[in-house]
Amino acid sequence: MKLHATRRRTGAALCAIALSATTLAACSSDSSGSNGGSEGAGERGPITFAMGRNDTDKLTPIIDAWNAEHPDEQVTLKELAGEADDQRDTLVQSLQAGNSDYDVMALDVVWTADFAANQWLVPLEGDFAVDTSKLLQPTVESATYNGTLYALPQNTNGQLLFRNVDKIDSKPDTFADITSACEAVEGDCLTTQLKQYEGLTVNTVGFMNGWGGEVLDSNGEPTVESDEAKAGLEALVNAYKDGTISKNSTSATEEETNIAFTEGTTALAINWPYMYANAKENGINFEVQPLVGADGVGTSTLGGYNNGINVNSQHKATAHDFIQFIINEENQRSFAEASFPPVLASVYDDPDLIEQQPYLPALKESLENAKPRPVSPFYPAISKAIQDNAYAALNGNKNVDEATKDMAAAIKQAQ
């Protein structure tokens, strides 16, 4: 279902780093990625496309359409596990072995930098260049590592603020408006995902970004101790302490948030667009808008998939054409119709689609203001550092200064 330039270690330096999440491979000077993946550049033929099974129903019609037009370059779908970690493990094992089992891989946006740093992906430059000018630009950032595009965004996702208008009738323009409105709400006001998992990272980073802060600077140095980042975390912590954010949020994932809003027990909720249909089906009188921050529109974290080409693929030319086929207007429109947010910006302005999916204008604004999570090959450790310390601050075990200091130290150590 979100990840700016960071300091990079490549080549032999990468091989010296032991990662808990990934054992870096193919780091020698004769790595298959050292030639930029040019081997097989002109070769065409059948390819395999690997993607987690939860969303393959959106890709099946696209694969069928491709296969009908390309009888000698058939795409075979290889469904991976439903859980993201299991998907990643399968891909990593194959790539570390130098296999060509998967020609194109649908990568969770947070994996792109890791796979690029390991030289597992074909850089999309030179013969493999693609046009990204018509895509939502934050999605392109999520697929860019060290200034180079390593994957082509396929679909995306952004958070929305859902508001039960029977409980809060006025649209909030800033987070201060939310705090004020919540004073008059009986029961839970704002529910979001603050359980200690990736959802907490997403929301913590969103608050930091929404107050003008960043997790990493352009050199990859942690910046969570900046005044702006601290202000964002402080706003999150204070909202939890004063009851603006429901106490249930520290045990809530997306699904608990979905239940709370669609059953009418919370006035506001931060969640992904899938909740729109559920709330509508349950008869909730509600509106959606982008997240709000300190001074206006807030910052959502990006979700979605980026399609990368395996450096070991023997049919890279076909793989290159296929990933571009996925983002043509017809196919991206089919994503929108299936509530699978597209990356092609123009789709969000289609009046027929807006009639079908009324949240699209709000989602487009959310995505245009969104940011990737920190783009780093060390992302899993960075996420853990954020989760551990944000959770401690929310529960009063650390103040914001202590939490951001320890967060910065843990991020630095992870790199």
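Gly264 is a good place to start in this predicted model: leaving out residues up to four places away in sequence, Gly264 touches Asn164, Lys167 and Ile284. Gly264 sits in the loop that links α9 (254–262) to β9 (266–271). Its C-alpha lies 9.0 Å from that of Ala279, a residue 15 places away in sequence. From here, the notes below move to the cores, two helices and a few loop residues.

**The nonpolar cores**

- The largest nonpolar core has 55 residues, and Phe49, Leu59, Leu124, Phe261 and Phe322 have the most contacts inside it.
- Helix α11 (residues 316–326) gives the most to this core, with five residues.
- Where does this core lie with respect to domain 1 and domain 2? It lies between them, because domain 1 (47–157 + 303–371) and domain 2 (160–299 + 377–414) both give residues to it.
- A second, separate core has 41 residues, including Ile168, Cys182, Met208 and Ala403.
- As background, nonpolar side chains tend to be buried together in soluble globular proteins.
- If you would like one residue to click on, try Phe49: setting aside its neighbours within four places in sequence, its contacts include Leu59, Ile63, Val75, Leu77, Val104, Ala106 and Phe322.
- Phe49 is also in contact with Thr76, Lys78, Gln154 and Asn307.

**Helix α16**

- Helix α16 covers residues 400–414, which is 15 residues, and its first and last C-alpha atoms are 21 Å apart, close to the 21 Å expected at 1.5 Å a residue.
- Its buried residues are Val400, Ala403, Thr404, Met407, Ala408, Ile411 and Ala414.
- These buried residues span an arc of only 130° around the axis, so they are on the same side of α16.
- The spacing is worth a thought: an α-helix has 3.6 residues a turn, so residues three or four places apart point the same way.
- Lys405 and Gln413 are exposed on the other side of α16.
- The cover over the buried residues of α16 includes α7 (198–210), α8 (227–241) and α15 (379–394).
- At the start of α16, a side-chain oxygen of Asn399 comes to within 3.1 Å of the backbone nitrogen of Asp401.
- Gln415 belongs to the segment after α16. Is Gln415 buried or exposed? With a relative accessible area of 9%, Gln415 is buried, because buried means under 20%.
- A polar atom of the Gln415 side chain is 2.7 Å from the backbone oxygen of Gly220.

**Helix α3**

- Helix α3 (residues 84–96) is made of 13 residues and reaches 18 Å from its first C-alpha to its last, close to the 18 Å expected at 1.5 Å a residue.
- Gln87, Arg88, Leu91, Val92, Ser94 and Leu95 are the buried residues of α3.
- Their arc around the axis is only 165°, which puts them on the same side of α3.
- On the other side of α3, you will find Asp85 and Gln93 exposed.
- What do the buried residues of α3 pack against? They pack against the strands β1 (47–52), β2 (75–80), β3 (104–108) and β11 (303–309), and against helix α4 (112–117).
- Gly98, just after α3, takes a positive phi of about 75°.

**Backbone angles in two loops**

- Most residues other than glycine have a negative phi.
- Gln119 is not a glycine, yet its phi is positive, at about 60°.
- Gln119 is placed in the loop between α4 and α5 (137–142), and Gln119 is partly exposed, with a relative accessible area of 22%.
- Ser339 is another residue other than glycine with a positive phi, near 55°.
- Ser339 lies in the loop between α12 (329–337) and α13 (351–356), and Ser339 counts as partly exposed at 37% relative accessibility.

**A buried loop glycine**

- Gly45 is in the loop between α1 (11–15) and β1.
- At 4% relative accessibility, Gly45 counts as buried.
- Which residues does Gly45 touch, not counting those up to four places away in sequence? Gly45 touches Asp72, Glu73, His315 and Thr318.
- Gly45 and Gln74 are 29 residues apart in sequence, and their C-alpha atoms are 7.2 Å apart in space.

Note on methods: Residues are numbered from 1 along each chain as its sequence is written. This is a predicted model: local features need pLDDT of at least 70, side-chain atom pairs count only at pLDDT 80 or more; totals for chains, interfaces and linings use all residues. Side-chain values use heavy atoms; hydrogens and water are left out. A nonpolar core is a set of buried Ala, Val, Leu, Ile, Met, Phe, Trp, Tyr and Cys residues joined through side-chain atoms within 4.5 Å. Buried means under 20% relative accessible area, exposed over 50%, partly exposed in between (1.4 Å probe, protein chains only). Helices (H or I, at least four residues) and strands (E, at least two) are DSSP runs, numbered from the N terminus. Domain bounds come from an automatic or database domain assignment. Contact means heavy atoms within 4.5 Å. The expected span of a helix is 1.5 Å times one less than its number of residues. The arc is that of the directions from the helix axis to the C-beta atoms. A polar contact is a pair of N or O atoms within 3.5 Å; within protein, one must be able to donate a hydrogen and the other to accept it, and residues adjacent in sequence count only if both atoms are side-chain atoms.
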